[in-house]
Every structure is written in C-alpha cells, then in structure tokens.
Amino acid sequence: MSDHTVVTTPGSTPESPRSSASGSTTSGSRTSGPASASAHPPTARSTDPRLHRDLSRGGPEMVQLLTPAGQRVPDPAWDRWIDDLTPDDLRGFYRDLVIVRRYDSEGHALQRQGELGLWPSLKGQEAAQIGAAAALRDQDHVFPTYREHGVAYARGVDPLSPLAVWRGTTTGGWDPDEHNFHLFTVVIGAQTLHATGYAMGVRLDGACATGHPETDVATLAFLGDGATAQGDVNEAFVYAAAFDAPVVFFVQNNQWAISAPVTKQTRVPLYQRAAGFGFPGLRVDGNDVLAVLAVTRAALAEARSGQGPLLVEAFTYRMGAHTTADDPTRYRSAEEVEAWADRDPIARLRAHLVAQGWADGAFFAEVDAAADAFAADVRARLLALPDPDPSTMWDHVYAEDHPVMAAEQAAQAEYLASFVEDGTVEDGVEDGAVGHAEGQEA
Ligand SMILES: Cc1ncc(C[n+]2csc(CCOP(=O)(O)OP(=O)(O)O)c2C)c(N)n1
Ligand SMILES: [Mg+2]
C-alpha cells in the first residue's frame, strides 16, 4: 500500500480540505439527539434553528465511503486518497480492527481481575484509530491522549507497554522517539500544545514544506470532544494557525466526555470550530476506516506541505464506559447505545469484504484465532512483569535534587521500613520495602 502524498492547494480543487471546509453550511435543524440533550433548559437562543444541528447522526457534510451496511459509496472528492488500496489492504485493516478490539477487551478483563489500576476502553473507536494511524508516514509524530492503545499498536509500540502503564509498573511506558509515538497524556488537551510546539519546531527547522512528502514531517494530535472545551486546546489552535504549524488535530468525537454529552461542549458541530481559528475543519465518519484514512491522508499531506493546521472530527461513539471507574448506565440510554451498535466499525468492513467476495469464513476464523493469541501473549507478558521497587517512583521526576521531594522520599522509606519491622506487611510491599531500606542503609 503506497502512501498518497498528493499535495492540495487551498481552494484549488473540490477535494481540497480547505475548499471542503469553506463549502460547509450551518443550516439544519435538530431532529433527535443524545438522550441527555433534553437536559438543556430551553432558552430563546437554544431554540434558534440556526444554532442547531443534528449532532447525533453526523449530517450530510460527514465524509462516508462505507455505509453502516458495508456498501462502498463512490465519492469523487475522496476516492483518490484510497484508490491504491488492494483487497489485501482491506483484509489487513479488518485484522487490525479485530485485534485492537480484542486487545481492548483483554485490558478490560485484566482490570476487572485486579491486574490493572484502570482501563479506558476504545471499543467503538477502532476505525478512527486504525484509519488515522494508517495515514501516517514514519517521520510523522503522534501525540495521544490516554485512549489511543489502538494507535500505539498500529504505530508498532509493544502492546504490553500501554498495559504496563495502567498496571503502574512504569511511569512512562515507551521511548517516544522509537516510533514517534509520544507518551499518553491524561491532562485533558495538554498534548495539543505539545503537538503544536513540536510542529512549530518542525517548521522552524525547515523539516516540512520542502516539497518532499516522503521526508516532510507533520504531527497528529489526538483529542476528545470534551477536550475541545479546554483552554489549552484553544491556545494550541491559536498558535498552530498563527505559525502555520504542520499539525492535524484529530478529534475523536465519541459523543461523551465522561458523563457530559457533546451537546454540553458545543453549539456547533466541532469541525466548524476550526474556521474561527482560521484553518479548515472536516467531519468524517469515524466508524468508517476507509473514510478516516482518506480524510486523514489529505489533512496530513496539506500539513506536511506547509499549508498549516487542519482539524479532523471523527464522528464516532464510545461503546463502553469512559473507564473501568465509570458506570455509563447512570447517564445514557440503552437505546442510544443500541443505535450506535448498528454503526459498528468492524461489522461494516466485514460486510463489505463478504459482499465483495474478498474474505470467507476461514479468513474470519483465522483472524479471531490470531486476536485470541495476541491477547494471551500480552496477558502472559503482563503478569510476568516484576513489581517495581517503590523507591523508583522518585526517579526522573526532577533533573536536580529537590528538597521537598527528598523529604517525601525519606518519609516513604521510613513508612515502608516500619511495615517490615512489625511484620504485618503483604508480600509485594515487603519485598519493595526491604529493598528500599537496604538501599537507604547502603
Ligand atoms: C485538565 C483535566 N481536567 C479534567 C480531567 C478529568 N477528565 C478525565 S477524562 C475527562 C473527559 C474527557 O473527555 P473527552 O475529551 O471527550 O475524551 P474521551 O475520554 O471521551 O476520550 C475528564 C474531564 C483531566 N484528566 N484533566
Ligand atoms: Mg469524548
């Protein structure tokens, strides 16, 4: 599969992200919405039809190349971005989607069994993550949130590493330079500043806009719908636009920010926010891996070629809980979840492969077996990870000695040593405490 690098000029072709964005409209009316949308008390402004869209279905401006039933919809504006794909590539995407979902369910199970502290499920967002990752070139840099274990997998990060982060056996997880995949960021939106700063550096270094897409660099920042309301994100947008930074902001609009629906984050479709900052925004069906790939390829190509930032809103749905610490039945309806299950990203690609005669039962069985083997492998390797010495949590916090931290470290050592003395400690802690106490004595 080759990586398209057809460079678009602002407004020059109908398929340019810049012209597509300017062609979008703001008309339309709300016909239905998430269950909790009615929580808004009606006001004169909130009943003004010009301010309302049907935020629950995506609208006609949403780029879709595969319908929920798996039918390929020709689109002259976007087809050329994926016209190199072979049936083998599509089978490869299917494999990735299934493996990532299995990876996700294994993470969930491990947390429920007490082996992980927390797990943020990506179920439902597999196509958004696999499609976006497939659009990247090796030289591009990715700045994720905490939910992008699918992107990490596609980027080549050892799938054990994100699990180790949630187990607490590592405070970082992986070397960001190894796959140009930066560390998970739980501080909502902060990674958009990192991505923008990195992209500004790329621009200053002359590492983009050279006319060589095979080496020009772009950054891809992942963020959620809720994050778009964060100050950091809006500051990132301003800087990215003002400095023509080669960054694509990839918003996974999964309709919820924990219990807050997207209707509480915005009065307009999120992709339209970009226009106010002076760069294009596009909405793509985030459950359609082909459309996500096409749109993200186009966006990254524009950024690499020096035309500044873009926003891609991948319209998708978080089918599971926010994290294993959340109970979504408290704030969203079963009907809403069922409606989105009909737009499942894996089912639609499977239906397409079957309709085309490109995959059969033996292929699907082989993929399922590969996914199970994948899950068994990461589980076994996770459970074999040694518990870290508790004293290592202080390593690498500051480059130089810090008196407050030194005092806290000493207090921790004293606390852990006290367990050893009265013998009431559990196994794992005792090991660490002894090790630490010995270290202190030495
Ligand atoms: C600065 C900051 N404020 C609040 C939180 C708590 N928090 C964690 S996840 C989350 C919701 C994020 O929603 P969204 O951006 O839509 O991403 P999603 O979790 O849906 O992928 C919040 C508010 C945080 N981690 N950081
Ligand atoms: Mg969200």
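Visitor: Which strand does helix 10 (residues 289-304) run at about 170° to, among those that it lies across?
Guide: This is a predicted model, in which local features need pLDDT of at least 70 and side-chain atom pairs count only at pLDDT 80 or more, while totals for chains, interfaces and linings use all residues. Residues are numbered from 1 along each chain as its sequence is written, with chains lettered from A and ligands numbered from 1 in the order in which they are written. Helices (H or I, at least four residues) and strands (E, at least two) are DSSP runs numbered from the N terminus; axes are lines fitted to C-alpha atoms, for helices over the stretch in contact (C-beta atoms, placed from the backbone, within 7 Å), and angles run from 0 to 180 degrees between N-to-C directions. Helix 10 lies across strand 2, strand 3, strand 6 and strand 7, and the strand at about 170° is strand 7 (310-315).

Visitor: What is the hand of the crossover from strand 6 to strand 7?
Guide: Strand 6 and strand 7 run parallel and share five bridges. Between them the chain passes through helix 10. The hand is read with the strands pointing away from the viewer: a clockwise path from the first strand over the helix to the second is right-handed. This β-α-β crossover is right-handed.

Visitor: In what order do the strands of the open sheet lie?
Guide: Strands of a sheet pair through backbone hydrogen bonds, either parallel or antiparallel. Here, pairing needs at least two DSSP bridges between two strands. The open sheet has five strands with parallel pairing, and their order is 1-2-3-7-6.

Visitor: Which are the edge strands of that sheet?
Guide: The order across the sheet is 1-2-3-7-6. An edge strand pairs on one side only. The two are strand 1 (141-143) and strand 6 (281-285).

Visitor: By how many degrees are neighbouring strands of this sheet turned against each other on average?
Guide: The sheet's pairing is parallel. Direction is ignored for this angle. The average turn between neighbours is 20°.

Visitor: How many bridges join strand 2 to strand 3?
Guide: Strand 2 also pairs with strand 1, in parallel, through three bridges, and Val142 has Leu220 as its partner there. Towards strand 3 (residues 247-253), Ala221 is bridged to Phe249, and Phe222 to Phe250. These two strands run parallel, and the bridges between them number six.

Visitor: Which helix makes a β-α-β unit with strand 2 and strand 3?
Guide: Strand 2 and strand 3 run parallel. The unit that they form with the helix is right-handed. The helix, at residues 231-242, is helix 8.

Visitor: Which residue of strand 7 is the bridge partner of Phe250?
Guide: Strand 3 and strand 7 are joined by six bridges and run parallel. Strand 7 also takes bridges from strand 6, where Val284 has Ala314 as its partner. For Phe250, the partner in strand 7 is Val312.

Visitor: Are the residues on the two faces of strand 7 buried or exposed?
Guide: In a regular strand the side chains alternate between the two faces of the sheet. Buried means 20 or more other C-beta atoms within 10 Å of a residue's own, exposed 12 or fewer, and partly exposed in between, with C-beta atoms placed from the backbone. One side of strand 7 has Leu310, Val312 and Ala314, the other Leu311, Glu313 and Phe315. All are buried.

Visitor: Which residues point the other way from Gly281, Arg283 and Asp285 in strand 6?
Guide: Strand 6 is mostly covered, with five of its five residues buried. Gly281, Arg283 and Asp285 point one way. On the other side are Leu282 and Val284.

Visitor: Why does Gly211 count as exposed?
Guide: Gly211 sits in the loop between helix 7 (190-204) and strand 2 (219-224). Its C-alpha lies 8.7 Å from that of Arg304, 93 residues away along the chain. Gly211 is exposed because the number of other C-beta atoms within 10 Å is 10.

Visitor: Which residues come nearest to ligand 1?
Guide: The shell has 14 residues, each with its C-beta atom, placed from the backbone, within 6 Å of the ligand. The nearest are Ile188, Gly224, Gly226, Ala227 and Ala257.

Visitor: What percentage of the chain's residues is buried?
Guide: The chain has 15 helices and seven strands. It has 442 residues, and the buried part is 43%.

Terms used. Contact = placed C-beta atoms within 7 Å.
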